[in-house]
Amino acid sequence: MKIFIQFLFAFLIWDSIRDSFGYHIFRASSITDTFFLIDTITGNSNASYTDPFGVPENCYQVRAWADSVTSEPSNTACIPLPPPPPLR
């Protein structure tokens with residue numbers, strides 16, 4: 001999974017999984033926190049998601065689902081902290 005940031009929007013893109021019915025999107029406030037389900041997408045061709053609450057250090061995982069089966073989580077993608085201001 002890849003993550004792109006623009007303003008406070010986090011744009012997630014991943015490879016679609018053939019035969020899946022959709023995807024569960026999970027978010028945590030940092031890499032060490034618990035991931036919580038924030039949305040479910042139906043259809044396996046829709047392999048992207050926009051989170052309007054993307055803030056630095058938020059991390060995301062995606063899981064494909066079909067019937068009652070859910071995949072293992074994708075790789076974890078996190079929003080990096082902004083760079084520090086230049087030294088004067």
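Begin by selecting aspartate 19, which is exposed at a relative accessible area of 55%; exposed stands for over 50%, buried for under 20% and partly exposed for the range in between, with a 1.4 Å probe and protein chains only. The model in the viewer is a predicted one, in which local features need pLDDT of at least 70 and side-chain atom pairs count only at pLDDT 80 or more, while totals for chains, interfaces and linings use all residues. Residues are numbered from 1 along each chain as its sequence is written, and side-chain values use heavy atoms, with hydrogens and water left out.

**Two aspartates in loops**

Aspartate 19 lies in the loop between strand 2 and strand 3 (22–28), where strands are DSSP runs of E with at least two residues, numbered from the N terminus. Although aspartate 19 is not a glycine, its phi is positive, at about 75 degrees. Most residues other than glycine have a negative phi. Select aspartate 67 next, in the loop between strand 6 (59–66) and strand 7 (69–70); its phi is also positive, near 50 degrees, and with 63% relative accessibility aspartate 67 counts as exposed.

**The three-stranded sheet**

Now show strands 1, 2 and 5, which make up an open sheet in the order 1-2-5 with antiparallel pairing; two strands are taken to pair if DSSP finds at least two bridges between them. At the edges are strand 1 and strand 5 (48–51), each pairing on one side only. On average, neighbouring strands of this sheet are turned by 20 degrees against each other, direction ignored, the axes being lines fitted to C-alpha atoms, with angles between N-to-C directions running from 0 to 180 degrees.

Strand 1 and strand 2 are joined by five bridges, and to follow them you can select isoleucine 5, which stands opposite alanine 10, and then glutamine 6, whose bridge partner in strand 2 is phenylalanine 9. These two strands form a hairpin with two residues between them, and phenylalanine 7 in the turn has a positive phi of about 55 degrees. On the strand 5 side, strand 2 pairs over four bridges, and there alanine 10 stands opposite aspartate 51.

Which side chains of strand 2 point to the buried face? Ala10 and Leu12 do, whereas Phe9, Phe11 and Ile13 point to the other face and are not buried.

**Aromatic pairs**

In the whole structure, three aromatic pairs are found, a pair being rings of Phe, Tyr or Trp (its six-membered ring) with centres within 6.5 Å, called stacked if the planes are under 30 degrees apart, edge-to-face if over 60 and tilted otherwise. One of them is the stacked pair of phenylalanine 9 and phenylalanine 11, with 6.3 Å from centre to centre and 20 degrees between the planes. Another is the edge-to-face pair of phenylalanine 21 and tryptophan 65, with 5.9 Å between the centres and 85 degrees between the planes. This pair links distant parts of the chain, 44 residues apart, with phenylalanine 21 in the loop between strand 2 and strand 3 and tryptophan 65 in strand 6. Phenylalanine 21 is partly exposed at 39% relative accessibility, while tryptophan 65, at 18%, counts as buried.

**A last stop on the surface**

Finally, select Phe7, Leu8, Phe9 and Val55, which form a nonpolar surface patch with about 420 Å² of accessible area together. Leucine 8 of this patch is found in the loop between strand 1 (2–6) and strand 2 (9–13), and phenylalanine 9 is partly exposed at 38% relative accessibility. Patches consist of residues with over 30% relative accessible area and no salt bridge, in which nonpolar side chains (Val, Leu, Ile, Met, Phe, Trp, Tyr) are joined within 5 Å and like charges within 9 Å; a salt bridge is a side-chain nitrogen of Lys or Arg within 4 Å of a carboxyl oxygen of Asp or Glu. Accessible areas come from the Shrake-Rupley method with a 1.4 Å probe, and for residues only the protein chains shown count as cover.
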